[in-house]
Amino acid sequence: MKEYIIKICGLTDKEQAVSIGKMGATHIGMIYFEKSPRHIDIKKIAEISKAIRGLAKSVAVVVNPEKETVENILQIVDIVQFHGDESIEFVSLFPKERVIKAFRVKGEQDIQKMKPFMEEGYTVLIDAYSEKSYGGTGKQINPKLAKKISDIYPKTVLSGGLSPDNIKELLEYVKPYGVDASSKLEIKPGVKDLNRVKKFIKMAREFYESDN
Ligand SMILES: O=C(O)c1ccccc1N[C@@H]1O[C@H](COP(=O)(O)O)[C@@H](O)[C@H]1O
């Protein structure tokens, strides 16, 4: 069977997370980064992670964390998503299959930074660069650049401003291994519009389950 990732991120509510798991998301993300408007504490992450067990994989998004923080988080979620400037030396302290490494991509020069992670076979997520924020900005990555990265590296997850309005076109053009969406599926930070989420997941599943 074909492997792919459909990740919905920035959940703060258990009931919403369970609904999204039932809609067919493969991964559900929660933000553990105090500067984010979607930040939730460890107790809440544990509660949501437990509730979605068997439905979808749980992912905690962190930005430049301490080693102990990651060790504690990996006790309660399936996967940790490093969304800051973490080095390969730091990331490789943790099991590869339990890691997603995100890169905020400005231009082709950033591909160089991804190379060590690609060579080691990590799942690599690409997001748009923003000066103001580490993520969840709704900004879109240049599709040509995204395609170039996805063509180079088969385990590339596309993110950055994805929604039902652009997903079909981007999937057909970039053909990434996975997709990840957050802010463009929200009513307000941390609260999802479930109709938009459902539409997004349906469109992504149609792509991945067709002979694209
Ligand atoms: O969502 C956040 O607040 C956030 C904070 C810090 C790092 C990452 C964050 N979100 C991730 O950013 C990408 C793109 O999100 P969007 O769809 O453009 O809103 C995604 O992986 C989010 O999980």
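**Exercise 1. Trace the barrel.** In what order do the strands of the closed barrel run, and is their pairing parallel or antiparallel?

*Solution.* Start with the strands, which are DSSP runs of E of at least two residues, while helices are runs of H or I of at least four residues, both numbered from the N terminus. Two strands pair if DSSP finds at least two bridges between them. Going round, the 8 strands follow the order β1-β2-β3-β4-β5-β6-β7-β8 and close into a barrel with parallel pairing. From one strand to the next, the twist averages 25°, an angle taken between N-to-C directions on a scale from 0 to 180 degrees, with axes as lines fitted to C-alpha atoms.

Before going on, keep in mind that this is a predicted model: local features need pLDDT of at least 70, side-chain atom pairs count only at pLDDT 80 or more, and totals for chains, interfaces and linings use all residues. Residues are numbered from 1 along each chain as its sequence is written.

**Exercise 2. Look closely at β5.** Which residues point one way from β5 and which the other way?

*Solution.* First, find β5 at residues 99-105. In a regular strand the side chains alternate between the two faces of the sheet. Here Val99, Lys101, Phe103 and Val105 point one way, while Ile100, Ala102 and Arg104 point the other way. Next, check how covered they are: 7 of the 7 residues of β5 are buried, where buried means 20 or more other C-beta atoms within 10 Å of the residue's own, exposed means 12 or fewer, and partly exposed lies in between, with C-beta atoms placed from the backbone.

**Exercise 3. Find the neighbours of β5.** How many bridges join β5 to β4, and how many join β5 to β6?

*Solution.* On one side, 3 bridges link β5 to β4 (residues 79-82), and the two run parallel. Val80 stands opposite Val99 there. Then turn to β6 (residues 123-128), which is joined to β5 by 6 bridges, again running parallel. Three pairs help you see this: Ile100 stands opposite Thr123, Ala102 opposite Leu125, and Arg104 has Asp127 as its bridge partner. Finally, follow the chain: β5, helix α5 (residues 111-119) and β6 form a right-handed β-α-β unit. Right-handed means that, with the strands pointing away from the viewer, the path from the first strand over the helix to the second runs clockwise.

**Exercise 4. Continue past β6.** Why is β6 described as largely enclosed, and which strand does the chain reach through α6?

*Solution.* Count first: 5 of the 6 residues of β6 are buried, so the rest of the structure largely encloses this strand. Then look to β7 (residues 156-159), which runs parallel to β6 and is joined to it by 3 bridges. The chain passes from β6 through α6 to β7 in a right-handed β-α-β crossover.

**Exercise 5. Place Ser133.** Is Ser133 buried or partly exposed?

*Solution.* Begin with its position: Ser133 lies in the loop between β6 and α6 (143-152). Ser133 counts as partly exposed because it has 15 C-beta neighbours inside 10 Å. For a sense of distance, Ser133 and Ile42 are 91 residues apart in sequence and 22 Å apart in space, C-alpha to C-alpha.
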